[in-house]
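Got the viewer open? Load the model, keep the selection box handy, and follow along stop by stop.

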Amino acid sequence: MPSLASSVPAPAMSGGSTRFQRSKTESNIVTIDVGGQMFQTTKQTLALAGPDSLLSELAGSDPSQLAHRFIDRDPELFSVLLSLLRTGNLPSKAKSFDLRDLISESEFYGVESFLVNSLSNPSQFDAFNLEKSRILELNGRDLPSTIAAAPSGSLHVVHGSKITSFDWSLRKKSTILTQFPAIDSLLEISPRIVAAGATDFPGLQILELQKGAVRASLNWENATKSASTVQAIGSSGDHLFTSFESSRRNSNCIMVYDQQSLRPVTEIAHFEIYGAEIESAVPATKLRWVPGVNLLMASGSHRGPLGMTGNIRLWDVRSGSAVWEVKERADCFSDVTFSDRLSAIFKVGVDSGEVSYMDLRSLGTESSWVCLGEGKRSASGKKEGLGCRIEGHGSQVFCSRGGDIELWSEVAVMGSSSDRSENGLQGRVFRKNLVGRAKDMGGAKITSLAFGNKMFVTRKDLQFVEVWESTVSR
Amino acid sequence: MENGDPNNAPSPAHGRIKLNVGGKLFETTVSTLQSGGPDSLLFALSNRAVADPNPVFIDRDPDIFSVLLSLLRTSRLPSTASSRYSKQELADEALYYGVESCLRSAMSPPPLAGIDASVVSTIRPASDGFPSSFTAAGDGSLWIAHGGQISCYDWSLAHTATIRTHFEEVTSICRVWPEIAAVGSEAAPGLHFYDISGGRHVGSTHWTDPSDPRIYKARVMAIADSADSVFASFECPHKENSIFEIDKSTLQTVSEFGRQPGSSAKNMVAGKLTWLPESNAVVGSAVSCGAFGYSGYIRLWDPRSSEVVWETNEPGSGRSSRFGDSFADMDADIEGSKLFKICSKSGDLGMADLRKLGDDPWVYLTDKNYSMRNTSGSGSSVIRCHRGQVFVGREGNLEVWSRVEEGENGVEGENDAMYRRNYVDKLEDAERGTIRMIEGGGDRLFVGREQVEGIEVWESSNFAAAIPIS
């Protein structure tokens with residue numbers, strides 16, 4: 001713009017020097033001509049973009065060319081990205097642009113991480129402010145069976161034998177076809193690589209999302225030399241955990257792989273069934289790394305003639321031994337999770353449908369479940385908790401019940417124990433809310449929940465993924 | 001001074017150029033302007049203006065120019081462009097500046113993947129909108145024959161022309177030159193050539209045989225073309241039939257082959273012809289559906305020797321492992337050198353390698369997709385190979401067989417387990433009507449349904465079809 005261009009010489013005075021050109025004090029200011037429009041900023045601002053970006057290259061380039069920095073790109077998009085670089089936030093005028101243009105432009109300048117940070121920051125997740133914001137449609141007819149979300153905000157959805165991946169902005173997608181007839185467990189290793197496994201197709205496959213190529217196929221060499229299927233996948237960041245079961249279903253184990261090299265590190269939790277003792281070797285169907293205590297939580301359940309039985313174990317990966325174990329007989333869990341911030345394991349009972357917790361800080365010999373509900377439901381004899389999902393995220397625990405999502409949070413109650421008992425509060429206090437507005441309540445039964453910096457929900461017989469976002473963002 | 005990266009240009013002032021478009025100033029580099037190709041207006045401007053300090057004035061709309069400048073800089077179209085300007089506006093303006101090829105590559109859909117495609121639009125001709133036949137070209141353009149008219153849609157699927165032919169109904173159409181269509185009708189004799197841009201009849205070919213007076217009023221049932229020939233199957237009213245090779249430039253008959261009496265299913269007229277450039281052969285197929293099920297043949301002719309290279313007759317091709325399950329439709333995958341057929345009874349897909357044709361070359365692909373177990377083959381089936389995938393229309397359902405990528409270490413030769421079947425469409429799409437015709441053109445798939453106006457356009461997209469909830 002000509003009006004801006006006329007103001008170019010003005011900052012040359014800011015150094016307090018009468019010399020207009022190439023004084024040492026003013027060299028901190030950088031003038032860039034983007035597509036015919038002048039921008040002025042400081043070297044420090046440009047250097048924020050990181051050493052590999054085009055912008056920091058500009059800041060460090062030869063001082064003799066200071067006056068002539070020219071970038072042949074769109075000036076309006078650049079002005080938005082410059083504001084982002086200066087403040088860390090997107091200016092409100094960015095709303096007049098399509099996010100896809102901003103993303104591709106930020107890739108050109110090498111400042112995409114700023115855009116990701118301002119729009120898709122895990123800290124923006126606010127459990128009490130979740131609203132249903134959009135629906136991600138899937139092509140074809142297969143219903144979403146498994147979803148995996150990453151903290152950056154990207155989402156991978158399995159439908160049939162296909163994996164559709166959405167990037168952090170949920171604007172771009174790609175679909176690959178896998179060798180699996182169906183996929184039951186999925187985990188993102190890096191934005192372009194996922195680990196996938198199925199309960200009825202052998203092997204854990206490490207898939208590249210670009211072309212769908214199989215980078216590696218991992219298998220457990222069990223004693224019977226039969227192929228083994230994958231029951232669950234987990235990750236600690238360094239290690240990849242896979243719960244294998246032999247296809248004859250008489251032995252299982254958890255394999256630990258190095259997440260970078262994909263080489264096997266160790267094998268833990270190896271169980272074999274001898275005779276009719278089926279419950280001696282229930283494979284783990286959920287693996288979660290508990291970073292606070294550096295242990296792996298593995299849970300598995302089995303439905304027998306006497307009802308559901310199951311176990312939850314905490315494994316020390318290095319020693320390969322179970323540090324703690326609880327056997328579930330009465331009111332076995334339908335789903336289990338833990339919350340690192342709350343230092344507790346949560347379960348939803350299959351008979352009662354009640355949410356209970358066990359404090360991780362006082363795990364010991366006689367630790368037992370503390371029921372968070374009224375404890376009334378267990379009498380009915382119906383499987384109230386069947387199909388309920390429970391997931392911990394941040395300081396909250398989300399539990400799906402039918403078409404609704406319960407949000408359990410801890411209330412920090414101050415005061416002495418006598419005060420607390422006066423208020424009717426004993427031990428830790430957890431309270432629940434239902435997530436969403438009245439119009440979003442109910443609906444079809446929820447089949448899976450996943451958390452990145454947003455909440456993703458799939459429902460029975462519905463061929464899309466719901467995205468719930470916190471309203472504070474943007 | 002041409003330099004790919006403007007920032008590393010040795011002397012930054014050099015190669016920069018200022019433009020004044022409709023009163024708005026733009027600054028860019030010569031290399032950006034030249035990326036539109038040497039024939040463009042912008043290229044011409046960039047040549048003269050480097051020494052000139054004054055901006056070049058162009059008397060056009062500045063806003064739409066900024067979109068095209070972004071396109072030249074980034075080789076992608078800004079996402080807001082499609083909502084602010086119509087395709088036609090962008091195409092016209094790109095034509096003015098001579099950067100149409102850039103716009104074309106930016107606006108064309110991403111590689112077609114049947115596992116992730118959706119209907120983006122339905123093309124409906126204004127009158128008599130029930131398509132009787134259509135043909136698609138590699139750039140994604142489409143010619144639809146409907147009610148004796150031919151409507152043409154260009155690469156952006158914008159309507160370019162509609163011409164009227166002398167036929168009451170065109171039942172086969174083939175694009176033999178960029179502007180010439182070969183058309184035939186099951187109701188009127190002869191193969192006719194029409195110039196689309198001029199709307200004129202430019203030539204015709206008839207089957208004549210001075211030695212046989214019964215040969216007259218032969219109708220065209222199928223048309224195919226190779227680089228320099230057109231192949232058309234003719235059928236006389238008394239069912240005698242033959243295939244003609246017609247030279248593309250002279251429009252004269254070069255040779256005749258495959259003449260047969262047409263008295264039974266094994267020597268009916270070919271209803272589908274395809275030229276196989278790799279094997280230099282024409283593959284023709286005929287299917288009839290009677291009280292005892294489907295019967296027909298697939299035959300490969302070498303047009304130079306006029307001889308049958310390979311054939312299979314169903315039912316009755318003795319060694320077929322699937323007796324009583326004759327094919328309902330077939331198509332050739334030219335890039336993959338394969339023949340595919342769809343079985344009429346079981347609904348299975350059979351695959352034959354064109355390089356290894358024998359007595360029974362068919363490999364039947366197994367289906368491991370749980371959600372598709374119960375689809376039987378009864379009812380009408382249409383099959384079409386495109387972009388290495390096999391698209392099958394069963395009644396109203398559209399499905400795709402696509403190859404699963406193997407790892408680098410997983411190359412074990414080609415086995416049938418590498419194909420997987422998936423639905424392309426949704427349940428509600430299938431309710432629109434029975435699929436009659438499928439054609440692939442570029443990265444688009446065109447689907448025509450029985451008794452439904454218009455042609456559906458299926459494309460893949462890299463962008464999520466996100467529906468915001470406000």
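Select Ala465(B) to begin: with its C-beta neighbours inside 10 Å counted up, is Ala465(B) buried or exposed, or something in between? Ala465(B) counts as partly exposed, because it has 13 C-beta neighbours inside 10 Å. The scale behind that is simple: buried takes 20 or more other C-beta atoms within 10 Å of a residue's own, exposed takes 12 or fewer, and partly exposed is in between, with C-beta atoms placed from the backbone.

Some housekeeping: this is a predicted model, where local features need pLDDT of at least 70, side-chain atom pairs count only at pLDDT 80 or more, and totals for chains, interfaces and linings use all residues. Residues are numbered from 1 along each chain as its sequence is written, while chains are lettered from A and ligands numbered from 1 in the order in which they are written.

**Stop 1: around Ala465(B)**

Stay on Ala465(B), which sits in the loop between strand 31 (455-460) and strand 32 of chain B. Helices (H or I, at least four residues) and strands (E, at least two) are DSSP runs, numbered from the N terminus. Now show what touches Ala465(B): setting aside neighbours within four places in sequence, the contacts are Glu137(A) and Ser118(B). A contact here is two C-beta atoms, placed from the backbone, within 7 Å. For a long ruler, draw a C-alpha to C-alpha distance to Asn280(B): Ala465(B) and Asn280(B) are 185 residues apart in sequence and 43 Å apart in space.

**Stop 2: where the chains meet**

Colour by chain and look at the contact, which takes 48 residues from chain B and 47 residues from chain A. On the chain B side, the elements giving two or more residues are strand 1 (16-21), strand 2 (24-29), helix 3 (62-74), strand 4 (117-123), strand 28 (419-423) and strand 32 (466-468). Strand 2 of chain B supplies the largest share of that side, five residues. By type, the chain B side splits into 21 nonpolar, 16 polar and 11 charged residues. In that tally Ala, Val, Leu, Ile, Met, Phe, Trp, Tyr, Cys and Pro are nonpolar, Asp, Glu, Lys and Arg are charged, and the others, Gly among them, are polar.

**Stop 3: strand 22 of chain A**

Select residues 344-349 of chain A. Six of the six residues of this strand 22 are buried, so it is largely enclosed by the rest of the structure. Both faces are covered, with Ala344(A), Phe346(A) and Val348(A) on one side and Ile345(A), Lys347(A) and Gly349(A) on the other.

Add strand 21 (residues 333-339) of chain A, which runs antiparallel to strand 22 and is joined to it by six bridges; strands pair if DSSP finds at least two bridges between them. Phe333(A) has Gly349(A) as its bridge partner. These two strands form a hairpin with four residues between them, and Ser343(A) in the turn has a positive phi of about 50°.

Then add strand 23 (residues 355-359) of chain A, which pairs with strand 22 in the antiparallel sense over five bridges. Ala344(A) stands opposite Asp359(A) there. This hairpin has five residues between its strands, and Gly353(A) takes a positive phi near 75°.

**Stop 4: an open sheet in chain B**

Which strands come next? Take 17-18-19-20 of chain B: this is the order of an open sheet of four strands with antiparallel pairing. The edge strands, each pairing on one side only, are strand 17 (272-276) and strand 20 (307-314). Strand 17 pairs with strand 18 (residues 281-290) over five bridges, and Thr274(B) has Val283(B) as its bridge partner.

**Stop 5: the cores**

Finish inside. The largest nonpolar core has 181 residues, and those with the most contacts inside it are Ile254(A) and Ala232(B). A core here is a set of buried Ala, Val, Leu, Ile, Met, Phe, Trp, Tyr and Cys residues joined through C-beta atoms within 7 Å. Centre on Ala232(B): among the residues it touches are Leu191(B), Val220(B), Phe244(B) and Ile246(B), not counting residues up to four places away in sequence. A second, separate core has 26 residues, including Leu46(A), Leu58(A), Val111(A) and Phe114(A).
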